[in-house]
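Me: Please take a close look at one part of this model, the nonpolar patch on the surface. Then set it against the buried side of the fold.

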Amino acid sequence: TRRSSDLSVGNANQHTLDGVEIEGIPENQFFIYTLEWTARSLTWYINNVEIYRTTENIPHKALHLGIHSFLPRKSEPSTGTLEVDWIKVFSVKE
């Protein structure tokens, strides 16, 4: 059973999905979520702690940023809030 405090992160690209599920993220706290995208890998962090890395299906073209929360089809509908304090996007030369 999926709890509202569970978080899934991963990569859905070219009809391939990989990722990891993090259990027990407290709902009443703010966190810093980071995605580092390089030519060789995608790496996700929560509060500067690496939680997932993949070297498969790395995008090599410009994409757009989307922030959303969704329920999988098999989940029971419920209400909730997604609060984003700030977003920072920047480019780093390798």
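Reply: A patch is made of residues with over 30% relative accessible area and no salt bridge, and nonpolar side chains are joined within 5 Å. Keep in mind that this is a predicted model.

Now the patch itself. Leu65, Ile67, Leu82, Val84, Ile87 and Val89 form it on the surface. Together they have about 590 Å² of accessible area. Take Leu65 as one of the members. Leu65 lies in the segment after strand E5, which spans 49-54. Its relative accessible area is 55%. Exposed means over 50%, so Leu65 counts as exposed.

The wider frame is quickly drawn. The protein chain has 5 strands and 0 helices. From the N terminus on, its elements run β-β-β-β-β. The accessible surface of the chain comes to about 8400 Å². Carbon and sulfur atoms hold 52% of that surface. Of the 94 residues, 20% count as buried.

Next, the buried side. In soluble globular proteins, nonpolar side chains tend to be buried together. Here the largest nonpolar core has 5 residues: Val9, Leu42, Trp44, Tyr52 and Ile58. Leu42 shows how this core is linked to other parts of the chain. Leaving aside neighbours within four places in sequence, Leu42 is in contact with Tyr52 and Ile58, among others. Its further contacts include Asn11, Leu35, Glu36, Trp37, Arg53, Thr54 and Pro59. For the whole chain, take the contacts with a separation of 6 or more: residues 24 or more positions apart account for 27% of them.

Two core members are aromatic, so look at the rings. A pair of aromatic rings is described by the distance of the centres and the angle of the planes. The count comes to 2 aromatic pairs. In one, the rings of Phe31 and Tyr33 have their centres 6.2 Å apart and their planes at 50°. That angle is neither under 30 degrees nor over 60, so the pair is tilted. Tyr33 has 45% relative accessibility and counts as partly exposed. Trp44 and Tyr52 form a tilted pair too, at 5.5 Å centre to centre and 45° between the planes. Buried means under 20% relative accessible area. Trp44, at 10%, is therefore buried. Tyr52, at 15%, counts as buried as well.

To return to the patch: Leu65 is exposed at 55%, whereas Trp44 is buried at 10%.

Technical notes. Residues numbered from 1 in each chain as written. Predicted model: local features only at pLDDT ≥ 70, side-chain atom pairs only at ≥ 80, totals over all residues. Heavy atoms only, no water. Patch = residues over 30% accessible without salt bridge, like charges linked within 9 Å, V, L, I, M, F, W, Y side chains within 5 Å. Areas by Shrake-Rupley, 256 points an atom, 1.4 Å probe, with all protein chains shown as cover. Salt bridge = Lys/Arg side-chain N within 4 Å of Asp/Glu carboxyl O. Helix = DSSP H or I, 4+ residues; strand = E, 2+ residues; numbered from the N terminus. Buried < 20%, exposed > 50% of the residue type's maximum accessible area, 1.4 Å probe, protein only. Core = buried A, V, L, I, M, F, W, Y, C linked by side-chain atoms within 4.5 Å. Contact = heavy atoms within 4.5 Å. Phe/Tyr/Trp six-rings, centres within 6.5 Å; stacked < 30°, edge-to-face > 60°.
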